[in-house]
Number of protein chains: 2
Amino acid sequence: MTAPTHEQEPASGTDIDDEVLGLLRRADQRYTTGRRKLVAALQEGDGPLTINQILDVDDTLAQSSVYRNLMILEQVGAVVRIVTRDEFARYELAERLTEHHHHLICTSCGDVADFALDDRVEATLDRALHKAADTAGFAVDGHRLDLLGTCGSCD
Amino acid sequence: MTAPTHEQEPASGTDIDDEVLGLLRRADQRYTTGRRKLVAALQEGDGPLTINQILDVDDTLAQSSVYRNLMILEQVGAVVRIVTRDEFARYELAERLTEHHHHLICTSCGDVADFALDDRVEATLDRALHKAADTAGFAVDGHRLDLLGTCGSCD
DNA sequence: TCGGGGTTGAGAACCGTTATCAATCCCAAA
DNA sequence: TTTGGGATTGATAACGGTTCTCAACCCCGA
């Protein structure tokens with residue numbers, strides 16, 4: 001989502017929890033058990049998850065709480081909300097907690113997987129984007145690049 | 001939306017109408033007055049429009065008909081539905097009727113404007129994307145690149 | 001001119017999401 | 001440890017963008 005701060009090693013495991021804890025604290029929010037389970041569920045998938053996918057991963061979570069906590073985690077900067085083609089929103093951990101990446105969106109089943117671009121390509125892209133934005137009087141704070149097509153399991 | 005078929009000159013004015021007419025005919029659909037007005041409204045804006053923006057441009061159109069006809073025009077390949085950040089979908093003429101381009105999405109007011117990238121950048125990007133998609137067993141049929149930031153009028 | 005299938009448009013229904021609010025939990029002070 | 005009180009939870013109602021319904025209308029062909 002955000003322009004790459006190249007080579008910020010991917011925090012993993014409890015590192016992510018620490019980071020999320022800090023982000024929540026900064027906003028006078030607690031890192032409750034439910035929120036921990038939510039973050040854990042998001043770490044599971046290899047791409048952004050819908051609410052239903054989250055509830056499938058952990059059926060001890062309540063739908064309304066998941067919605068509310070995802071909203072809070074997004075405001076705090078720990079989670080990003082993504083809308084693709086279908087009617088469901090998807091959520092994933094913010095790049096500050098993972099790595100800069102893009103999405104493979106399957107136009108058949110709607111599933112979304114992550115992928116990364118070569119750093120060199122990413123750099124030239126970033127340069128071109130900033131130039132284009134400047135001429136349009138637009139202040140960039142990130143870009144979003146998705147690939148549309150058919151995933152392996154839909155062949 | 002679709003990978004660039006470089007240098008297909010932008011059909012304009014009645015050319016677009018002719019093209020849309022053909023697309024509709026091929027699906028046994030008529031190009032009625034309402035649909036013509038809809039296509040005209042989409043040509044107005046310099047970016048994808050929401051339903052409300054369309055109704056503002058032409059208040060003789062009925063909301064339910066606009067929704068239905070946009071759906072039909074999308075199935076036929078004349079229009080593309082776009083979802084950005086907010087809760088409103090946006091619609092624009094398909095690239096086959098215009099030109100390959102990308103979107104400047106203002107995270108403040110939600111407005112969306114078009115912009116194009118240098119052909120050279122577009123080409124290297126396309127190459128890198130296809131390579132990435134191949135290794136993921138993904139059949140590409142297009143990409144989507146958006147710039148997120150603040151537009152001029154929101155400074 | 002007439003017949004009939006496509007199209008229209010006002011309103012109802014749908015469904016993902018958000019707001020509500022009483023019950024519960026958890027931190028901090030005593 | 002106990003207790004008070006504000007944050008959090010979760011079942012449910014409300015919301016709103018979009019889709020569906022269906023009678024009235026239009027338009028093309030015979």
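**View 1. Arg68(A) and a base of DNA strand D.** A polar side-chain atom of Arg68(A) sits 2.4 Å from a base nitrogen of DNA strand D, a polar contact being a pair of N or O atoms within 3.5 Å; within protein, one atom must be able to donate a hydrogen and the other to accept it, and residues adjacent in sequence count only if both atoms are side-chain atoms. The model is predicted: local features need pLDDT of at least 70, side-chain atom pairs count only at pLDDT 80 or more, and totals for chains, interfaces and linings use all residues. Residues are numbered from 1 along each chain as its sequence is written, chains are lettered from A and ligands numbered from 1 in the order in which they are written, and side-chain values use heavy atoms, with hydrogens and water left out.

**View 2. The protein surface around DNA strand D.** There are 16 residues around this strand, and Arg30(A), Thr32(A), Arg68(A), Tyr67(B) and Ala89(B) come nearest; a residue is near a strand if one of its heavy atoms lies within 4 Å of it. Of the atoms of DNA strand D within 4 Å of the protein, 62% belong to sugar and phosphate. Phosphate oxygens of DNA strand D lie 3.1 Å from a polar side-chain atom of Gln29(A) and 2.9 Å from a polar backbone atom of Ala89(B). Two or more residues of this surface come from α4 of chain A and likewise from α4 of chain B, where helices (H or I, at least four residues) and strands (E, at least two) are DSSP runs numbered from the N terminus. The largest share, four residues, belongs to α4(A).

**View 3. The protein surface around DNA strand C.** Here 17 residues surround the strand, the closest being Tyr67(A), Ala89(A), Arg30(B), Thr32(B) and Arg68(B). Sugar or phosphate makes up 62% of the strand atoms within 4 Å of the protein, and bases make up the rest. Polar side-chain atoms approach phosphate oxygens of DNA strand C at Thr32(B), 2.6 Å away, and at Asn69(B), 3.2 Å away. At Ala89(A) a polar backbone atom is 2.9 Å from a phosphate oxygen. Helix α4 (63-76) of chain A and α4 (63-76) of chain B each supply at least two residues, with the largest share, four residues, from α4(B).

**View 4. The two protein chains and their axis.** Chain A superposes on chain B by a rotation of 180° with 0.0 Å of shift along its axis (RMSD 0.0 Å); the fit is by least squares on the C-alpha atoms of residues with pLDDT of at least 70 in both. The two copies are therefore related as by a two-fold rotation axis. In chain A, Leu145(A) has the C-alpha nearest the axis, at 2.2 Å.

**View 5. Helix α5 of chain A.** This helix (residues 119-135) has 17 residues and reaches 25 Å from its first C-alpha to its last, close to the expected 24 Å, which is 1.5 Å times one less than its number of residues. Asp118(A) caps the N-terminal end, with a side-chain oxygen 3.0 Å from the backbone nitrogen of Arg120(A). Buried residues (under 20% relative accessible area, 1.4 Å probe, protein chains only) include Val121(A), Leu125(A), Leu129(A) and Ala132(A). The buried residues of α5(A) pack against β4 (102-106) and β6 (139-150) of chain A, and against β5 (112-115), α5 (119-135) and β6 (139-150) of chain B. Just after the helix, Gly137(A) has a positive phi of about 65°.

How values were computed:
Buried means under 20% relative accessible area, exposed over 50%, partly exposed in between (1.4 Å probe, protein chains only). Contact means heavy atoms within 4.5 Å.
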